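Me: I would like a close look at a single part of this model, set against the chain as a whole. Please take me through the surroundings of one residue in the interior, and say what each term means as you go.

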Amino acid sequence: MEPRLILINLLVKLGVAAAVSSSLVRAKEFKSLLFREERTFRQKVYLVLWFGLPIMIGVWIRIFQKSFLAGDLSFETALLLGVIGGRWCGSLGGVLMGLPALLHGEWAAMPFDVLSGFLAGQLRTMNVDKDDIWSFSPSSTKASSA
């Protein structure tokens with residue numbers, strides 16, 4: 001693939017992510033689920049549905065419209081769900097977002113999404129300081145201040 005096409009694809013993907021996130025952040029229920037540290041299983045399912053349904057629609061669009069590859073943000077969303085919600089959220093989100101691809105015949109999409117969500121959730125549980133999830137910046141490292 002030509003480098004300019006890759007850049008355009010990434011810019012469109014960024015636009016899709018911005019459109020979905022700006023529409024989600026307006027709902028009070030979503031914000032209360034997002035910023036809660038401890039969630040019940042029901043709240044985790046709701047968080048997965050809030051994140052996963054718009055991305056699942058993007059996967060369907062990618063399948064039916066061959067020229068719109070940027071609509072599929074399932075990998076990135078599975079990672080986010082794992083980091084924000086834990087292993088169950090990441091895995092359940094991977095199942096939800098990988099379902100259209102699985103029905104289309106892309107057999108590796110769902111296991112890959114489930115595995116990436118689970119591993120991101122495992123990294124969340126291994127993290128000692130839970131506030132590091134919300135204060136990540138590429139330029140700030142704790143090793144440089146020591």
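Reply:

**Leu-81 and its surroundings**

Of the 146 residues of the chain, 34% count as buried, where buried means under 20% relative accessible area, exposed over 50% and partly exposed in between, with a 1.4 Å probe and protein chains only. This is a predicted model, in which local features need pLDDT of at least 70 and side-chain atom pairs count only at pLDDT 80 or more, while totals for chains, interfaces and linings use all residues. Residues are numbered from 1 along each chain as its sequence is written, and side-chain values use heavy atoms, with hydrogens and water left out.

The secondary structure of the chain comes to seven helices and zero strands; helices (H or I, at least four residues) and strands (E, at least two) are DSSP runs, numbered from the N terminus. Leu-81 has its place in helix 4, which covers residues 74-85, and this residue counts as buried because its relative accessibility is 0%.

Around Leu-81, once residues up to four places away in sequence are set aside, the residues touched are Leu-47, Val-48, Phe-51, Gly-86, Cys-89, Gly-90, Gly-93 and Met-97, a contact being heavy atoms within 4.5 Å. Leu-81 can also be placed relative to Phe-118, which is 37 residues away in sequence and 9.1 Å away in space, C-alpha to C-alpha.

The contact with Leu-47 can be followed from the other side: leaving aside its neighbours within four places in sequence, Leu-47 is in contact with Leu-81, and also with Phe-30, Leu-33, Leu-34, Arg-39, Ile-84, Gly-85 and Cys-89.

These residues lead to the largest nonpolar core, a nonpolar core being a set of buried Ala, Val, Leu, Ile, Met, Phe, Trp, Tyr and Cys residues joined through side-chain atoms within 4.5 Å. Of the 18 residues in the largest such core, Leu-81, Leu-47, Phe-51 and Phe-30 touch the most other members. The elements giving two or more residues to this core are helix 1, helix 2 (28-34), helix 3 (41-64), helix 4 and helix 5 (87-104), and helix 3 gives the most, with five residues.

For the chain as a whole, residues 24 or more positions apart account for 62% of the contacts with a separation of 6 or more. One pair away from Leu-81 in sequence is Val-20 and Ile-55, which are 35 residues apart in sequence and 8.3 Å apart in space, C-alpha to C-alpha; Val-20, found in helix 1, touches Pro-54 and Ile-55 when residues up to four places away in sequence are not counted.
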